Amino acid sequence: MTGLPLASPHLNPNVLGLPPSATLAINERSNELISQGRQVYKLGLGQSPFPVPRSVVDALRRAAPEKDYLPVRGLRPLREEVTEFLHRRHGIERARRQVLVGPGSKELIFMTQLAYAGELLVPSPSWVSYAPQARIIGRRVTWLPTTLEDDWKLLPQVLDEYCSANPGLPRLLILNYPNNPTGVSYKEAELAGLAGVARRHQLLVVSDEIYADLDHHGRTASIAHHYPEGTVVSTGLSKWCGAGGWRLGVFSFPDELEWLCGAMAAIASETFTSVSAPIQYAAIEAFRGGPEIERYLEHCRTVLRALGTHSATALRNAGCRLPPVDGAFYLFPEFGAAADRLQQRGIDDSPGLAEQLLQDTGVATLPGSVFGRPRPELTLRLSYVNFDGERALAAVEAGEPVDEAFIREHCPDTVEAMRRIAEWVTG
Ligand SMILES: Cc1ncc(COP(=O)(O)O)c(C=O)c1O
């Protein structure tokens, strides 16, 4: 039977046994438990809790009749607005408007790996999809070590040592900040240090800034400020605009990387053609910004800052170690202090930790191992997004102070999830 052309042994070996993305799997597992009548606190999937700004939804409504295929690189006015946005909000200068619009930045990152025949370098921990994408394409992946003591940040000397020991090879470094899974961001000086190493070794850098507008203090450091000629900036509507399901991501290229942009546009032309027309028209409104969107972002950041701080404090009080909370909506606590007690309960790795926590408390998280951490390390990723973002924003809009009482009133499930974790780990 195995000789039949339609049998599974004919799968590309790169995808044979490839599991679905861990973030999507935990969502399905949570839903399964909910359907059995269990109360589940969903800290697994990293989705924005906030609604899409009204002006952007209105723009989408108006654009519904747009039905034509659009240019492969994206609508020209959209590409112009994205360039303006990156300049205005993030101080990123691009001489020309070299932007590629794709169906989510995930797909654009995948196309970069397809187009660029180099080894992938990613800090450990990193977002779940970079390495599987490399595996699908057949690229080599190297995880660069970081430590909790350094707030899980890649140090220039670590990057330099690796590249110096293996000189002359084409390499792609993906750097993400504010970071999924840690919630930590880099400071301008730290990025300048990494940029110096990247330039010396001629690395192609994808700066994954999908959470840049959700820095809790509105900071906008970027490695593109220090290594513009080798950096592609990645962003999109999914996080800051609350529109993950709209599937629109953008890459901004320097002139020096036009060859890469052209190759990726060619791949796009042979695969998805162009992103949905109404979504592109609506995205013009989103990237154009204005006072309503600025206020929306300010309010989102205020809620996330307060909830992130509350959650991190609750976990630290329970003995977890975690770095300062800078942005996005993730925490990456380490439970090493409770290792002996957990061991007595049969827990000796991060998948076991996540599974037992879910079973005992109904709190769904992801194990550190899916982000590239060693299995025995007791780390988890928590997405503090299980609250009604629309209601919370309306309360901020109405002038409610965003304090501890606000968090308890508007994010009760997140507060309860943290309480349950703390009780479970100390109990
Ligand atoms: C770090 C990071 N990069 C990229 C993405 C992909 O975002 P999208 O494809 O929705 O633009 C995500 C989504 O969770 C992410 O967390």
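**Reading a ligand site and its cysteines**

Modeller: Let's start with one contact: in this predicted model, an N or O atom in the side chain of Trp-127 lies 3.5 Å from an oxygen atom of the ligand.

Biologist: Which other side chains should I look at, and what is the distance from Asn-180 to an oxygen atom of the ligand?

Modeller: For Asn-180, a polar side-chain atom is 2.8 Å from a ligand oxygen. Asp-208 deals with a nitrogen atom of the ligand instead, and an N or O atom of the Asp-208 side chain sits 2.6 Å from that nitrogen. On its own the ligand exposes 400 Å², of which the protein buries 92%.

Biologist: Where does the ligand sit, and which residues come nearest?

Modeller: The ligand takes up the space of the largest pocket. There are 13 residues around the ligand, and those that come nearest are Ser-105, Asp-208, Tyr-211, Ser-238 and Arg-247.

Biologist: How many residues of each class make up the shell around the ligand?

Modeller: Sorted by class, that shell holds four nonpolar, five polar and four charged residues.

Biologist: Now the cysteines, please. How many disulfides are there?

Modeller: A disulfide needs two cysteine sulfur atoms within 2.5 Å, and by that rule the count here is zero.

Biologist: Why is Cys-320 without a bond to Cys-411?

Modeller: Because the closest cysteine sulfur to that of Cys-320 is the one in Cys-411, and at 20 Å it is too far for a bond. Cys-411 is in no disulfide either; its nearest cysteine sulfur, in Cys-300, is 12 Å away.

Biologist: Are Cys-320 and Cys-411 buried or exposed?

Modeller: Cys-320 is buried, with a relative accessible area of 6%, and Cys-411 counts as buried at 0% relative accessibility.

Note on methods: Residues are numbered from 1 along each chain as its sequence is written. This is a predicted model: local features need pLDDT of at least 70, side-chain atom pairs count only at pLDDT 80 or more; totals for chains, interfaces and linings use all residues. Side-chain values use heavy atoms; hydrogens and water are left out. A residue is near a molecule or strand if one of its heavy atoms lies within 4 Å of it. A polar contact is a pair of N or O atoms within 3.5 Å; within protein, one must be able to donate a hydrogen and the other to accept it, and residues adjacent in sequence count only if both atoms are side-chain atoms. Accessible areas come from the Shrake-Rupley method with a 1.4 Å probe; for residues, only the protein chains shown count as cover. On a 1 Å grid over the protein atoms alone, a cavity is a set of points where a 1.4 Å probe fits but cannot get out, and a pocket is an open set with protein on both sides within 12 Å along at least five of seven lines; lining residues have an atom within 4 Å of a point. A molecule sits in a cavity or pocket if more than half of its atoms lie within 2 Å of its grid points. Ala, Val, Leu, Ile, Met, Phe, Trp, Tyr, Cys and Pro count as nonpolar, Asp, Glu, Lys and Arg as charged, and the others, Gly among them, as polar. Buried means under 20% relative accessible area, exposed over 50%, partly exposed in between (1.4 Å probe, protein chains only).
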